Amino acid sequence: MSLLQVRNLVVEFPSRHGVLRALDQVSFDIAPGEILGVVGESGAGKSLTGAAIIGLLEPPGRIAAGEVWLQGERIDNLSQQQLRPLRGRKIGAIFQDPLTSLNPLYTVGQQLVETIRTHLPMSNSSARARAIALLEETGIPAAAQRIDHYPHQFSGGMRQRVVIALALAAEPVLIVADEPTTALDVSIQAQIIGLLKRLCRDHGAAVMLITHDMGVIAETCDRVAVMYAGRVAEIGPVHRVINQPAHPYTRGLMAAIPDIDSERERLYQIDGAMPRLNAIPSGCAFHPRCPQAFERCGLERPELTAGGAGQAACWLALEGRM
Amino acid sequence: MTHTSTWAKLWHSDIGYSFRHSPVAVVAALLALVCVVAALFAPWVAPHNPFDLATLELADARLPPAWEQGGRRLYLLGTDDQGRDILSALMYGARISLIVGVASVLLSMLAGVSLGLLAGFVGGALDAVVMRLCDVMLSFPAILVALLIAGAGRAVFPHAPELLAFGVLVFSISLTGSGWVQYARTVRGSTLVERNKEYVQAARVTGVAPLRIMRRHVLPNVMGPVLVLATVQLATAIITEATLSFLGVGAPPTSPSLGTLIRIGGDYLFSGEWWITVFPGAMLVLIALSVNLLGDWLRDALNPRLRG
Amino acid sequence: MTQPLVQAIQIAKRFDVSPPWLNRVLERKPRLLLTAVDGVSFDIERGQTLALVGESGCGKSTVARLLVGLYGTSQGRVLFDGQDAQAGFQSAQAQALRRRIQMIFQDPYASLNPRWTVQDIVGEPLSEHRLVTERDALQQRVVQLLKSVGLGAQDLLRYPHQFSGGQRQRISIARALATEPEFLVCDEPTSALDVSVQAQVLNIMKDLQAARGLTYLFISHNMAVVRHMSDRVGVMYLGRLVELAPKKALFARPRHPYTRMLLDAIPKMRQTGQARVPVQGEVPNPLNPPTGCSFHPRCPHANARCAAERPAWQVDDEGAGVACHAVQEGRL
């Protein structure tokens, strides 16, 4: 049974230009212990998806339709009061900026212990022991001393390790990581990604990894969902999506990435830009930019099959025209 | 290309939208407009001229408002101890208050923004000097500074206090004396942020002179908080002027401002002649409140734009 | 052989980051000097692209700013077309020099004045240098520049916030090209852009270089982009140049251990699921750099000499240079 099921999620923002649909019928599953990558460019809606799942949508944004099921229970219609015990205990979160993810006024130990004791029935000393163990697991040297340090006494990479420890503190079943390595140097990125992957395997947590970096997806994820203009364009095993992309957008994206191993005179470029929320084209959102678009593409919106096995939301694929 | 007027552009912009949808802002703006119009056009709108001593009738002194017993319709809100029509005195008094308020705010803005820009952009010793100057100025109560300058003015020009123009000038300068500090600090802070932004660096790479960069690049981007500050300061300036007049240091008694009227009326409050104090007081509150509310709205309206 | 267009000769930059005077006196804190660039030398030939790569704190952005005159060097010289650029920026001919050197910045949101229209932004260098004074001619020239980067006349009176990140970067490029410069310093121009937008901007930059014979100094932390854009590549670490080589040589046979680590740290797209070889440790605090070779705490090949002695810069016959004891001693 799937750990997380997202079905036809719609997120809307009322604005002075009318109601904007930031997420339009997004569906996917995450199996227990699986690492799902959610990749897309700015404005595709990947961070919003993560926020909607955790229940951290900023008003006036709201979930207008659809369902989110965690371990067989619906979580999208819960109040903030009901969501609080869920967050941390079942779902952990890692955000992009390690600087603002930690409270600068409290020691790392205080924040860890607070999180642990909020969700697990433990005494102060056992919570502290667990916190030290977590810090050691995330590779922080001299954890027993550093537990009493403040966030500013850690470097960027170290801070992100603390954030990972915080996310895992209450043994959640799902971790939502939103661009966890974007703000870090490339050599640290490798360390953090490796750590995340290893720890989640060890603790049995599934991961929803949101990023714009295909390289990170390639080395970390089991499956990947490619998002475009608030919709899922393609979803499938990472090996297949990267090496044999079915959706023209994914193909264009892969072709536009400069490859370290080969040389090209010009990079492939997808002309135009991702449509703004108030100007999403009819039918398939990508069709104005698609080199293979035909008549049906502008009229009807192609759907992913429910459950998202390994499909592209594209008439070319659905009609077998590939 | 069609050329839309600036007003039309403003009306349809995000700020215009925010204004139209904020009932508080609209009401405050209307109130402020009424006061300003009444004050500016006082010589034409007011039924009497309370500053013209020749038209005053001592016999008509201390008459209650028209709807009370003993009141006369000629003097709608009653008269004060000199026979001045309160309604007209309100308008003329508000005129003084507004002129002084606006003048001092403009002068403060000029001095404060310039110093703040220079301090933030040039930095170093100049920055340190200006900031210490701010600290010093802030440690003096504004009223004290105003009194000092007013007193100095009086000493230098012993015969001038009777002149209204002199009073207004001294007032404006004395209010500026303590008012510029807020602008300087705010602008300095914003300048420090903008100075490191890449569009300023791009201008330097192009070879634009520092003064030009300050004036054309940085200044437009730091003015947002200044406008909000200006509305708040306007309200404060008006009240400070009223306070000084109340203390007797302000406008000459022959051309009373709102504060003077309040003081005069204070003596008669306990003998039951309440209208001499209450109406000027209410007018003062009205002006200050509407300006403050406008300032509040402006700050909220500008905030998300600043981030965008 | 013609001389290179740009020559950096042992340039260094130190910043005074001491606490304020009062604090120093009261708390007896010492002066703090941050050495952002510590003796860097390189040449750029006309029409070529030199890329500088490195992680945060390596000083590549500072080098960029030293070359365009935003900072003055603490030591060393910068020669532009054979003349001393530092002196040039201070002299009466400064404007003439600035016409020939321009810069493109990293942040598309902060590099354009949010209160100015596109016409004013792109036209500013033209009016500043009095290249075009008449209003209509100015407007026409701006439209020409916009067209060369794929924008148009309809964008003249718009404001930056009405454009996307990629479009803003293109406006920055148009502005940089206004004075018809010969040398463009590009500080991470596509780091803040999405992959598909990055492709557009990089293609434009390459086209412009071919059409106008531009010389680029291209700063980046992304090795794949560097491979696409550059002719020669310099690798920086903590303010020093550790390796400099023609692109093909650097990617085929990286010599310095740090270069190797950087290349190994890049995720391999096609071999999914394969973890990278992680680099040990983190970039040290530039206020307190290690002794000797600054990379030695993280280097698997470091010996006692590496901790004590700063390696010398060695150039081979093809002009490729490296500063590493292990390479010099033949251990690598």
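In this predicted model, helix H5 (residues 86–122) and helix H6 (residues 124–139) of chain B have axes that come within 7 Å and cross at roughly 140°. That angle makes H5(B) oblique to H6(B). H5(B) passes H6(B) in a left-handed crossing. On the H5(B) side the contact is made by Leu115(B), Leu118(B), Ala119(B) and Val122(B), and on the H6(B) side by Gly124(B), Leu126(B), Asp127(B), Val130(B) and Met131(B). Sorted by class, the residues of this contact are 7 nonpolar, 1 polar and 1 charged.

A second helix pair in chain B is formed by H10(B) and helix H11 (residues 258–268), which pack at an angle of about 40° with their axes 7 Å apart. H10(B) and H11(B) are therefore oblique to each other, and their crossing is right-handed. H10(B) brings Glu241(B), Ala242(B), Thr243(B), Leu244(B), Ser245(B) and Phe246(B) to the contact, where they meet Leu258(B), Gly259(B), Thr260(B), Ile262(B) and Arg263(B) of H11(B). The residues here divide into 5 nonpolar, 4 polar and 2 charged.

Chain A also has a helix pair to describe. The axes of helix H7 (residues 156–168) of chain A and H8(A) come within 11 Å and cross at roughly 15°. H7(A) is therefore roughly parallel to H8(A). The crossing of H7(A) and H8(A) is right-handed. From H7(A), the residues Gly157(A), Gln160(A), Arg161(A), Ile164(A) and Leu168(A) take part; facing them in H8(A) are Ile188(A), Gln191(A), Ile192(A), Leu195(A), Leu196(A), Leu199(A) and His203(A). This contact has 7 nonpolar, 4 polar and 1 charged residues.

The table sets the three helix pairs side by side.

| Helix pair | Axis distance | Angle |
|---|---|---|
| H5(B) and H6(B) | within 7 Å | roughly 140° |
| H10(B) and H11(B) | 7 Å | about 40° |
| H7(A) and H8(A) | within 11 Å | roughly 15° |

Next come the overall dimensions of chain A. Chain A contains 13 helices and 11 strands. Its C-alpha atoms fill a box of roughly 65 × 50 × 40 Å along the principal axes. A compact globule with 322 residues would have a radius of gyration near 20 Å, and the 21 Å of chain A agrees with this.

Among the strands of chain A, 7 form an open sheet with mixed pairing, in the order S6-S7-S8-S3-S9-S10-S11. Strand S6 (91–94) and strand S11 (311–312) of chain A are the edge strands, and each pairs on one side only. Within this sheet, strand S3 (residues 35–39) and strand S8 (residues 206–211) of chain A run parallel and are joined by 5 bridges. One of the bridge partners can be named: Leu36(A) is matched with Met208(A) in S8(A). Helix H1 (residues 46–54) of chain A packs on the sheet and touches S3, S6, strand S7 (174–178), S8 and strand S9 (223–228) of chain A. The direction of H1(A) makes about 145° with that of S7(A).

Chain C has an open sheet of 8 strands, again with mixed pairing, and its order is S6-S7-S8-S3-S9-S10-S12-S11. Strand S6 (101–104) and strand S11 (314–315) of chain C stand at the edges with a single partner strand each, so one side of each is left without a neighbour in the sheet. Strand S10 (residues 240–246) and strand S12 (residues 321–322) of chain C pair in the antiparallel sense over 2 bridges. In S12(C), Gly321(C) is the bridge partner of Leu244(C). Helix H11 (residues 257–264) of chain C packs on this sheet, touching strand S9 (232–237) and S10 of chain C, and its direction makes about 100° with that of S9(C).

Chain C is also in contact with the other two chains described here. Between chains A and C, 35 residues of chain A are in contact with 34 residues of chain C. Helix H8 (186–203), helix H9 (214–220), helix H10 (238–243) and helix H11 (248–256) of chain A each give two or more residues to this side of chain A. H8(A) gives the most, with 6 residues. The chain A side divides into 17 nonpolar, 12 polar and 6 charged residues.

Between chains B and C, 14 residues of chain B are in contact with 20 residues of chain C. Helix H9 (198–206) and helix H10 (210–246) of chain B each supply at least two residues of the chain B side. The largest share, 7 residues, comes from H9(B). By class, the chain B side has 5 nonpolar, 6 polar and 3 charged residues.

How values were computed
Residues are numbered from 1 along each chain as its sequence is written. Chains are lettered from A and ligands numbered from 1 in the order in which they are written. This is a predicted model: local features need pLDDT of at least 70, side-chain atom pairs count only at pLDDT 80 or more; totals for chains, interfaces and linings use all residues. Two residues are in contact if their C-beta atoms, placed from the backbone, lie within 7 Å. Helices (H or I, at least four residues) and strands (E, at least two) are DSSP runs, numbered from the N terminus. Ala, Val, Leu, Ile, Met, Phe, Trp, Tyr, Cys and Pro count as nonpolar, Asp, Glu, Lys and Arg as charged, and the others, Gly among them, as polar. Axes are lines fitted to C-alpha atoms, for helices over the stretch in contact, and angles run from 0 to 180 degrees between N-to-C directions. Angles under 35 degrees count as roughly parallel, over 145 as roughly antiparallel, 65 to 115 as roughly perpendicular and the rest as oblique. A crossing is left-handed if the near helix is turned anticlockwise from the far one by less than a right angle, and right-handed if clockwise. Two strands pair if DSSP finds at least two bridges between them. The radius of gyration is taken over C-alpha atoms; the globule rule is 2.2 Å times the number of residues to the power 0.38.
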